[in-house]
Amino acid sequence: MKKKEWLILLVIALIAALGLLVTRVMKKNTAPSVNPDGSMNMPEEKAEGTWIAVVNRNRAILYFDSGIDAEYTVEGNVSEMTIEVQEGRWHVKDVACYDYTCKNMGWVSEDSILPIICLPNDIVIVDAATAVNMIGEVTDGN
């Protein structure tokens, strides 16, 4: 092979290695830690607001940061639920179950006394520390 061909081959190999490295780093930083039962582990990074957990059937199925405005959709027992987060508060924006109590609870924040509860979907939206205690107690009792 000529010198130019070796140089081109070396550049391609370096670009491929850099691409793999970036992909691994990005995957490690963005991929949530999911357990075999489908539950998620509480995120280790610091939240801008407070970590909030969405618990379904005694499993944390979603953690979200109350300090980041966003919308999340989770699957419950009966239907999907859309949770909207704005300015450190959250509420159930949309749900297709037969009760709508969770949707009618309105906006809550970390200072709220009651969590959002959807009985038909078996979903509780509560701060992450409380969720860890809830899930731990249920797991320890079985």
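Among contacts in the protein chain with a separation of 6 or more, 29% join residues 24 or more positions apart. Keep in mind as you browse that this is a predicted model. The protein chain has 142 residues, and 31% of them count as buried. Below is a friendly tour of the overall layout, one sheet and the salt bridges.

**Overall layout**

- Three helices and eight strands make up the secondary structure elements of the protein chain.
- Reading from the N terminus, you meet them in the order α-β-β-β-β-β-α-β-β-β-α.
- The protein chain exposes about 9,700 Å², and carbon and sulfur atoms supply 58% of that area.

**The four-stranded sheet**

- Four strands form an open sheet in the order β2-β1-β8-β7, and their pairing is antiparallel.
- The edges belong to β2 (59–65) and β7 (116–118); each has a single partner strand, so one side of each is left without a neighbour in the sheet.
- From one strand to the next, the twist averages 20°.
- If you would like to trace one pairing by eye, try β1 (residues 51–56) with β2: they run antiparallel to each other and are joined over six bridges.
- A handy landmark is V54, which stands opposite L62 in β2.
- As background, strands of a sheet pair through backbone hydrogen bonds, in either a parallel or an antiparallel manner.

**Salt bridges**

- Side chains of opposite charge can pair when their charged atoms come close.
- The structure holds two salt bridges.
- One of them joins the side chains of K93 and E71, at 2.5 Å from N to O.
- This pair links distant parts of the chain, with K93 in strand β5 (residues 89–95) and E71 in strand β3 (residues 70–75), 22 residues apart.
- The other salt bridge is between K103 and D94, whose closest N and O atoms are 3.9 Å apart; the pair qualifies because the cut-off is 4 Å.

**Exposure of the charged partners**

- Residues count as partly exposed when their relative accessible area falls between the buried limit of under 20% and the exposed limit of over 50%.
- K93 has a relative accessibility of 37%, so this lysine counts as partly exposed.
- Its partner E71 is partly exposed too, with a relative accessible area of 44%.
- In the K103 and D94 pair, K103 is partly exposed at 33%, and D94 is partly exposed at 42%.

Technical notes. Residues numbered from 1 in each chain as written. Predicted model: local features only at pLDDT ≥ 70, side-chain atom pairs only at ≥ 80, totals over all residues. Heavy atoms only, no water. Pairing = 2+ DSSP bridges. Helix = DSSP H or I, 4+ residues; strand = E, 2+ residues; numbered from the N terminus. Axes fitted to C-alpha atoms, helices over the stretch in contact; angles between N-to-C directions. Buried < 20%, exposed > 50% of the residue type's maximum accessible area, 1.4 Å probe, protein only. Contact = heavy atoms within 4.5 Å. Areas by Shrake-Rupley, 256 points an atom, 1.4 Å probe, with all protein chains shown as cover.
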